[in-house]
Amino acid sequence: LSPVLLQMPLSYYYYSHIIFLPDFTCILHTMGASTTVAELSSNPQVAVCDSKPDAYSLVDKIFHQLSDNEKEQAARASSYRYLVASSSPTNEGLDQRDRYAKAMIERYVTVEQKLDKRKSPDAWEAAATLKLKKTLEFREEKQVDDIRLCFDTDKQSVDDGLHATLRERLTNQFASKGTIIRGYTKENLAMLLQFPGNDIAWEEEAFIQGNIYMLERALACTERQSNGEKDKVVLLFDYNGYGLKNTPPPLLIKLLLSNLRDHWPERLQHVFVVDSPFFFRAFWAIIKHFIDPITKELVQFVTGEEQKKIFREMISEDQAAPFMFDGGKNGKDADMSTFFYDTPFDHVYGEESP
């Protein structure tokens with residue numbers, strides 16, 4: 001390398017893809033992106049990585065096992081922004097594709113490391129790779145991208161059957177206003193609000209597709225609001241008005257939770273169950289066994305103004321719904337037609353769009 005290139009930071013080589021070493025990501029992560037090649041050469045001992053690869057090196061290993069099509073599908077799954085850009089004439093290019101694909105891979109690696117810290121790196125890699133590929137198959141089979149895009153203006157102008165059917169199914173599923181994406185936390189995470197007391201319809205396909213749509217849309221809102229810095233959402237259940245008639249079939253909930261566990265790992269920041277009635281605890285005793293241990297740790301039961309102080313710390317008054325705490329101002333009755341047809345996919349309900 002020339003004297004000039006020897007003084008370039010490691011990050012220059014990594015992000016420009018000039019060189020690639022099996023442990024390069026680990027070196028970059030351990031030493032820092034500003035380290036120069038000259039510094040690395042003068043002290044080769046610092047280049048020796050821990051024998052136990054970190055998440056970054058495992059991500060690269062898995063990434064290089066994927067086909068170009070799998071990388072593309074992973075990037076689209078990881079980012080609504082990329083999905084839209086890659087569908088237009090001015091797509092974001094391979095560098096953006098790779099960044100989003102790696103972000104998805106990292107979530108699977110993180111989960112495997114959380115589930116069993118005693119496993120070998122090879123075991124983490126194998127499990128994460130298998131689950132990632134199963135997710136890509138699942139998303140194609142369930143037409144997740146079509147669900148995300150079905151209310152787009154260009155899809156409404158073409159009577160292709162598929163998107164029209166999805167629109168009808170989703171509008172019917174949420175006609176009771178049982179779910180809405182509304183408001184952001186102070187950390188720019190979209191809030192996915194569920195009102196189980198409004199739900200009485202449990203047709204399986206509509207239920208699953210509806211939950212996919214709402215979660216994907218909430219993630220898109222977080223991505224836009226945080227400019228890509230955050231990739232999780234906050235899920236809140238308001239159990240005011242909930243009765244026995246609103247209790248869904250446990251097997252349907254088991255299917256939904258299995259899908260979320262297997263295909264949307266590391267996508268929830270918090271899960272709050274607010275003002276649940278006493279008899280709900282019996283239903284919880286059943287469904288909690290269907291929840292993976294990582295998600296289960298995120299679940300918090302919140303009742304009464306004293307416990308709701310946690311929301312005041314997380315959410316400003318203008319973003320909070322009244323059920324979150326006294327003084328929450330974001331509680332105007334939602335118009336679902338406006339939400340679906342007039343509000344961009346990556347905007348929460350009531351948010352002004354350009």
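**Exercise 1.** In this predicted model, determine whether Phe-279 is buried, partly exposed or exposed, and classify its ring pair with Tyr-242.

*Solution.*
Step 1. The relative accessibility of Phe-279 is 35%, so this residue counts as partly exposed.
Step 2. Tyr-242, with a relative accessible area of 8%, is buried, because the cut-off for burial is under 20%.
Step 3. The two ring centres of Tyr-242 and Phe-279 lie 5.9 Å apart with planes at 20°, so the pair is stacked.
Step 4. Tyr-242 belongs to the loop between S3 and H14, and Phe-279 to the loop between S4 and H15; the pair therefore ties together parts that are 37 residues apart in sequence.

**Exercise 2.** Identify the buried residues of helix H15 (residues 280-287) and explain why they line one face of the helix.

*Solution.*
Step 1. Phe-280, Phe-283, Trp-284 and Ile-287 are the buried residues of H15.
Step 2. Viewed down the axis of H15, these residues fall within an arc of 105°, so they line one face.
Step 3. As a general rule, an α-helix has 3.6 residues a turn, so residues three or four places apart point the same way.
Step 4. The packing partners of the buried residues of H15 are helix H14 (250-263), strand S4 (268-274) and strand S5 (299-302).

**Exercise 3.** Describe the surroundings of Gly-228.

*Solution.*
Step 1. Gly-228 lies in the loop between helix H13 (204-225) and strand S3 (233-238).
Step 2. A relative accessible area of 42% makes Gly-228 partly exposed.
Step 3. Leaving aside residues up to four places away in sequence, Gly-228 touches Arg-81 and Glu-223.
Step 4. Gly-228 and Arg-81 are 147 residues apart along the chain, while their C-alpha atoms are separated by 8.8 Å.

Terms used: Residues numbered from 1 in each chain as written. Predicted model: local features only at pLDDT ≥ 70, side-chain atom pairs only at ≥ 80, totals over all residues. Heavy atoms only, no water. Buried < 20%, exposed > 50% of the residue type's maximum accessible area, 1.4 Å probe, protein only. Helix = DSSP H or I, 4+ residues; strand = E, 2+ residues; numbered from the N terminus. Arc of directions from axis to C-beta. Contact = heavy atoms within 4.5 Å. Phe/Tyr/Trp six-rings, centres within 6.5 Å; stacked < 30°, edge-to-face > 60°.
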